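Hi,

Here is the structure I promised to pass on. Have a look at it first, and then read on for what turned up.

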Amino acid sequence: MNSRIRMSWRRVPQFAAAAALTVACLPALAQPAGTLRFGSNQGLDDWETLTKPNSIYTSLVYEGLAEVSPDGLSLLPKLATGWKESPRKVEITLRPDVTFHDGTPFDAAAVVKNLERIRDTPGQWRGVLSAVDKFTVVSPTRLDISLKMPAPNLMPNLARRGAFMVSPKALEDGSYKLVPVGTGPWKYEAKDTVKGLRTVVTSYDKYYAPKTVGPARVEVTHINDPDSLYNALRTGQLDIVWTNPSIAKRAEREGLKTTWFPSVMWHLQMMDTAKVFNSAKLRQAICHAINPQDFIDAALGGHGKVHTQRLREGMNGFNPAVKGYPHDLAKARKLMAELGNPKLEFTLATFDNQRTIAELFKSQMAPIGIDVKLDFMTFGQFFSTFRSGKYPAAILTDSQDTGAYDYYLYHYAPAGAGNPLKTVFPGVEAAVKEALAADDLAGQNAGWQQMAKVVDEEALDCGFFDYAAYWAYNPKRVNNIVSTVGDVAVFRYIDAKVSP
């Protein structure tokens, strides 16, 4: 079985059968034991899964129908044991004998309740279900999703935060925002939680796979300052903390351990290709002038990889023929000369923690005659404004690694959030149409690869690099720190092993 995120419109019973065995085949662990004390710079406002980037907390108590494997490329079963896909239907088989923390049964009706909430709530996750015609409860353990059009991004997104399953009872009375109720390995402990400082969860005694769970108790402490977070680790108050490259080096020198992973892929988003970046040759010059390796070396501790395209190798639509735009200042200058060396000025939206990368980008554009103004703001301000149409460009990720279709929907679809001027890209539209019309994996892949080729040839996107995330931890207290490529916020708590 190839479990990578590749959507085939044919029925694949072999996949469903193999997927159903995945959890059963996991190596057996002892019963949950020990307390894992984790420190993060991200706080918790409430437990809403749809509008808050709070998976550091929500992933403790909630689960999705599927989950993304650590490589970021594969979908594994979770609350669903398998699924079959066709162009107009997804048939999902659910895990039996699962309950929410409040005793409510997890079944197909509960899934429909959650999916209807996603569909009816304005926000980024609503679009995931835009292709859905209706939900049909076939049995307590079987749900069919009828589609109005192909939806190759549906299952990958049902494995993300926005599709976590919440108790229907908690949804009904509205209590879920303050007291989360999921099916996850841990349940929320309000009596031990200190609002704004520490969030505590403990083992759910009716969890369906207790031997896969490491810690019996998890405490997440919010400390905004990275130096203070690290000091809490080195003095024994915490076992593992989020950190940055410079502190990670210090931790290694002082006998602690660190690990990093490519959390998301960042790149230069040229959102105004109608006015500011209105020439393919100009965009090509900019792409050749960018040196993402500088960003990695200066801001990310030297860890990470420069990529040729937005889709990672192994994903449906990755095009090995696309070579991208390697840093070549001479070529960039030549292209600008062919344009008559225009004097271009634009403002880059950026935020405080991105300062090093933003200033490097500004310096890289100066030799080809482009004057970049930097508009610094907090991340909250940045997140709410950088796609407003006020700024022609930003450096960040445009979506999670959920595949080619989401990349299109965000960045190139006329209604996409990353396309504020609603520009139409004919070559991209034709490739997407080809991919969605195909009824086999090879045809779909050919369409998505053509999209990658058009994006590259027209230099609509470039400067791709891994954004490295770091953890520092005390190996005498905790080990087996596993992260998921493409998820910036959290490591896999369930895999961690805590020493007595």
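Before anything else, keep in mind that this is a predicted model. I'll start with a pair of helices: α14 (residues 426–437) and α15 pack with their axes 7 Å apart, at an angle of about 170°. Angles over 145 degrees count as roughly antiparallel, and α14 and α15 are therefore roughly antiparallel to each other.

If you want to click through the contact between them, the α14 side is made of G427, V428, A431, V432, E434, A435 and L436. These meet G443, Q444, A446, G447, W448, Q450, M451, V454 and V455 in α15. By type, the residues of this contact come out as ten nonpolar, five polar and one charged.

Helix α15 also turns up in another place. The structure holds seven cavities of 30 Å³ or more, and the second largest has about 90 Å³ of space in it. Which helix gives the most to its lining? That would be α15 (residues 441–457), with four residues. The full lining of this second largest cavity is T308, Q309, R310, L311, V322, Y407, M451, A452, V455, D456, D461 and F464. Seven of the lining residues are nonpolar, two are polar and three are charged. M451 and V455 are worth picking out on your screen: they are in the contact of α15 with α14, and they also line that cavity.

Now over to the sheet. It is an open one of four strands, in the order β4-β5-β7-β6, and the pairing is antiparallel. β4 (80–86) and β6 (132–139) are the edge strands, each with a single partner, so one side of each has no neighbour in the sheet. From one strand to the next, the twist averages 15°.

In general, strands of a sheet pair through backbone hydrogen bonds. Here, β5 (residues 89–94) and β7 (residues 142–147) pair in the antiparallel sense over five bridges, and V90 stands opposite I145 in β7. On the other side of the pairing list, β6 and β7 run antiparallel and are joined by six bridges, with V132 opposite L147 in β7. A hairpin of two residues takes β6 into β7.

One last helix belongs with this sheet. Helix α3 (residues 108–120) lies across β5, β6 and β7, and runs at about 165° to β6.

Shout if you'd like to go through any of it together.

Cheers

Conventions
Residues are numbered from 1 along each chain as its sequence is written. This is a predicted model: local features need pLDDT of at least 70, side-chain atom pairs count only at pLDDT 80 or more; totals for chains, interfaces and linings use all residues. Side-chain values use heavy atoms; hydrogens and water are left out. Two strands pair if DSSP finds at least two bridges between them. Axes are lines fitted to C-alpha atoms, for helices over the stretch in contact, and angles run from 0 to 180 degrees between N-to-C directions. Contact means heavy atoms within 4.5 Å. On a 1 Å grid over the protein atoms alone, a cavity is a set of points where a 1.4 Å probe fits but cannot get out, and a pocket is an open set with protein on both sides within 12 Å along at least five of seven lines; lining residues have an atom within 4 Å of a point. Grid points are joined across faces, edges and corners, and a volume is the space filled by probe spheres set on the points. Ala, Val, Leu, Ile, Met, Phe, Trp, Tyr, Cys and Pro count as nonpolar, Asp, Glu, Lys and Arg as charged, and the others, Gly among them, as polar. Angles under 35 degrees count as roughly parallel, over 145 as roughly antiparallel, 65 to 115 as roughly perpendicular and the rest as oblique.
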